[in-house]
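Please walk me through this structure. Start with a charged pair at the surface, then work towards the core.

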Amino acid sequence: MYTCCRRFWSTLLRDSVGDEIQQELVNKIDEGKNRASQWFDKVKSRFANWKADIARAVAGEIRKDIDFQLMQNPAIKISEVSDIPGYSGPAAFRKAFKSWTNVAPRAVRKVGV
């Protein structure tokens, strides 16, 4: 009798408690998956932004090098220098050039590069 009752109660407890524990574990695993997915999405987004920032910086450095090379040739007008690397106009070129050198392109041309 004792063995039968013990087996009955252990089966009952194992099944009901086991189901609850199993469900709790499934919930925790799902919660962990969601957190990992959110973390991955954040990292992926940050990495994409980082790559875009690097690409912009490299493109800016290349454009800057081209601009300085073009400025060394006095036969090329400043307005033409702004057209070659693809600035929206001479004002945009002057603004960029001044941000790099703290001097206007015209002043550099007068002194000589």
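Begin with arginine 56. At 55% relative accessibility, arginine 56 counts as exposed, because the cut-off for that class is over 50%. This is a predicted model, and the accessibility comes from its coordinates.

Arginine 56 has a charged partner. Its side chain meets that of aspartate 53 in a salt bridge, with N and O 2.5 Å apart. Aspartate 53 is partly exposed, at a relative accessible area of 44%. Why can the two residues face each other? Aspartate 53 and arginine 56 sit three residues apart in helix 1, so about one helical turn separates them.

How many salt bridges does the structure hold? The count is two. The other pair to look at is glutamate 31 with arginine 35, where the closest N and O atoms are 3.2 Å apart. These residues also belong to helix 1, four residues apart, again about one turn of the helix. Glutamate 31 is partly exposed, with a relative accessible area of 34%. Arginine 35 is exposed, at 58% relative accessibility.

Now take the whole fold. The chain has four helices and zero strands. Read along the sequence, the pattern is α-α-α-α. Helix 1 covers residues 2-71. Helix 2 spans 78-83. Helix 3 runs over residues 90-101, and helix 4 over residues 105-111. Of the 113 residues in the chain, 13% are buried. Contacts also reach along the sequence. Among those with a separation of 6 or more, 42% join residues 24 or more positions apart.

Confidence deserves a look before the details. The chain averages a pLDDT of 82, and 82% of the residues score at least 70. Helix 3 has the highest confidence, at 88. Helix 4 has the lowest, at a mean of 79.

Next, the core. The largest nonpolar core has ten residues: Leu70, Met71, Ile76, Ile78, Val81, Tyr87, Phe93, Ala96, Phe97 and Val108. Helix 1, helix 2 and helix 3 each supply at least two of them. Helix 3 gives the largest share, three residues.

Valine 81 is a useful core member to follow. Beyond its neighbours within four places in sequence, valine 81 is in contact with Asp67, Leu70, Met71, Ile76, Phe93 and Arg109. Four of those names also appear in the core list: Leu70, Met71, Ile76 and Phe93.

Serine 82 comes right after, also in helix 2. Is serine 82 buried or exposed? Serine 82 counts as buried, at 0% relative accessibility, because buried means under 20%. With its neighbours within four places set aside, serine 82 is in contact with Tyr87, Gly89, Pro90 and Phe93. Both Tyr87 and Phe93 are core residues.

One of valine 81's contacts carries a charge: Asp67. Aspartate 67 lies in helix 1. It is buried, yet it has no salt bridge. Which side chain of opposite charge is nearest to aspartate 67? That is arginine 63, 5.6 Å away. The gap is too wide for a salt bridge, because that requires a nitrogen and an oxygen within 4 Å.

What does the side chain of aspartate 67 make a polar contact with? The partner is the side chain of tyrosine 87, at 2.5 Å. Tyrosine 87 is itself part of the nonpolar core. Outside its neighbours within four places in sequence, aspartate 67 is in contact with Val81, Pro85, Tyr87, Phe93 and Trp100. Three of these, Val81, Tyr87 and Phe93, are also core residues.

Finish in the loops. Proline 74 lies between helix 1 and helix 2. Proline 74 is exposed, with a relative accessible area of 70%. Its C-alpha atom is 9.8 Å from that of lysine 110, although the two residues are 36 apart along the chain.

Asparagine 102 occupies the loop between helix 3 and helix 4. Its phi is near 65 degrees, a positive value in a residue other than glycine. Asparagine 102 counts as exposed, at 66% relative accessibility.

Definitions and conventions
Residues are numbered from 1 along each chain as its sequence is written. This is a predicted model: local features need pLDDT of at least 70, side-chain atom pairs count only at pLDDT 80 or more; totals for chains, interfaces and linings use all residues. Side-chain values use heavy atoms; hydrogens and water are left out. Helices (H or I, at least four residues) and strands (E, at least two) are DSSP runs, numbered from the N terminus. Buried means under 20% relative accessible area, exposed over 50%, partly exposed in between (1.4 Å probe, protein chains only). Lys and Arg count as positive and Asp and Glu as negative; His and the chain ends are not counted. A polar contact is a pair of N or O atoms within 3.5 Å; within protein, one must be able to donate a hydrogen and the other to accept it, and residues adjacent in sequence count only if both atoms are side-chain atoms. Contact means heavy atoms within 4.5 Å. pLDDT is the predictor's confidence in each residue, from 0 to 100. A nonpolar core is a set of buried Ala, Val, Leu, Ile, Met, Phe, Trp, Tyr and Cys residues joined through side-chain atoms within 4.5 Å.
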